[in-house]
Amino acid sequence: MLLMFFNFSSQVLPGLKFACKTKLKEANGALQLVCRLWEEILRDEHDNVMRLIKFPTNLLFDAAELGNYDAGIFNLVHEIGSIRDVIVTYKDHQGNNIVHMAAKLAPQNQLNLVSGVALQMQRELVWFEEVKTIVQPQYIEMENNQGKTPQELFTEEHMVLMRRGEKWMKVTATSCMLVATIIATVVFSAAFSIPGGIDDHTGKPNFLKKKAFLDFTIADEVALLSSSTAMLMFLFILTSRYAENDFLKSLPLKLMVGLTCLFISIASMMMAFSTALYLSC
C-alpha cells in the first residue's frame, strides 16, 4: 500500500517525486513517510489531490478493504474533514461505498496479525464499526448493485470466519475449563488436609501461629476463588449464543477474564504447594 501510494503520487503530482525521495531519507518509519507525503500533497491544488485519491485506484477504499487501521493513508484522510466528507461519498463500479469495502473479509496476511480465529473476528468487527463512524448514517444502510447493505455484506463475507471462531472459542474454553476444574479440585482438597495436621485437643491447626501457614491459607483460598471464577467464565462461553456482535466485546471479554483467573489460580496453587512443602519439612 505504501509503495503503491509513493509511485502513483509521484506520477500524478509534478515535482513530488524529488520531494518524496528527500523525505524518504529523513523518515524513520512508514507512518512518518506517509505523513510527510501527505503534507506535500495538500500543498497542491484541490483537484490534483482528489485525482490522487480517487483515480486510478481509490486509496482510502483500498485501506478500508485491507482492514488496517494502522494504515497512515486512512488515518490522515480520516483526520482531514473537508476531504473526508467528499471521499466517503465515492462508489466503485459495483456500487460499493467505503462501508461496503470495510465489510469485506480482510486478506489472510492481515488476519494473521492476530492469533486466534475468534480474535480475528473481533478485529474485523472493530474495523467495520470504526469505518462506520466517518460516514453519514445513510451510507451505512445504502445498498450496492447487488442490493446488499454493508451489514448484509459483512455477514456474508464473514460467515465462515465466524463459524471457525465459534469452534475455536469452544475448544479453547473446554480445554481451559478442564484445567480450572482440576485446580479447583486440588485446592479444595488441600483446604481439608492442611500441612501439620490438627491438634487433637483444641481442633486447631498445629501451625496456626506460623506465618507460612497464613500464606498457605491465603494462596489456597485465592486459587479456589480464581479457578471457580475461571470455570464460570468458560461455562458462559460454552453456553453463549455466538451471535455476530458477541465476538465484538462479550466473548473476548469473557475469554480474557477466564484466562486471567486461570493464570492467577495456577500461580496461587504453586504458592500454596510451596508453603505446604516448607511447613512439612
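K211 is exposed, at 62% relative accessibility, where exposed means over 50% relative accessible area, buried under 20%, and partly exposed in between (1.4 Å probe, protein chains only). This is a predicted model, in which local features need pLDDT of at least 70, side-chain atom pairs count only at pLDDT 80 or more, and totals for chains, interfaces and linings use all residues. Residues are numbered from 1 along each chain as its sequence is written, and side-chain values use heavy atoms, with hydrogens and water left out.

K211 forms a salt bridge with D215, with 3.4 Å from N to O; a salt bridge here is a side-chain nitrogen of Lys or Arg within 4 Å of a carboxyl oxygen of Asp or Glu. Both residues belong to helix 14 (residues 211-238) and are four residues apart, about one turn of the helix. Helices are DSSP runs of H or I with at least four residues, numbered from the N terminus. D215 is partly exposed, with a relative accessible area of 22%.

The whole structure contains seven salt bridges. Another of them links E156 to K148, where the closest N and O atoms are 2.5 Å apart. E156 is partly exposed because its relative accessibility is 46%, and K148, at 23%, is also partly exposed. A further bridge joins R241 and D246 at 3.2 Å, N to O. Its two ends differ in exposure: R241 counts as exposed at 67% relative accessibility, whereas D246 counts as buried at 9%. Elsewhere, R163, E166 and K170 are joined into one network by salt bridges that share partners.

The nonpolar interior comes next. A nonpolar core is a set of buried Ala, Val, Leu, Ile, Met, Phe, Trp, Tyr and Cys residues joined through side-chain atoms within 4.5 Å. The largest such core has 36 residues, and the members that touch the most others are M121, M169, F234, I237 and F247. At least two residues of this core come from each of helix 8 (98-103), helix 10 (117-132), helix 12 (150-157), helix 13 (159-191), helix 14 and helix 15 (250-280). Helix 13 gives the largest share, nine residues. The core lies between domain 1 (44-148) and domain 2 (164-280), because both domains give residues to it; the domain bounds come from an automatic or database domain assignment.

What does F247 touch, leaving aside residues up to four places away in sequence? Its contacts are A118, M121, Q122, L125, M162, G165, E166, Y242 and P252, where contact means heavy atoms within 4.5 Å. A second, separate core has nine residues, including F207, A219, A272 and L279.

Four aromatic pairs are found in the whole structure. Rings of Phe, Tyr and Trp (its six-membered ring) pair if their centres lie within 6.5 Å; planes under 30 degrees apart count as stacked, over 60 as edge-to-face and the rest as tilted. In one pair, the ring centres of F213 and F216 are 6.3 Å apart and the planes stand at 35 degrees, so the pair is tilted. F213 and F216 lie three residues apart in helix 14, about one turn of the helix, and both are buried. The rings of Y242 and F247 also form a tilted pair, because their planes are at 50 degrees, with the centres 6.2 Å apart. Y242 and F247 are both buried.
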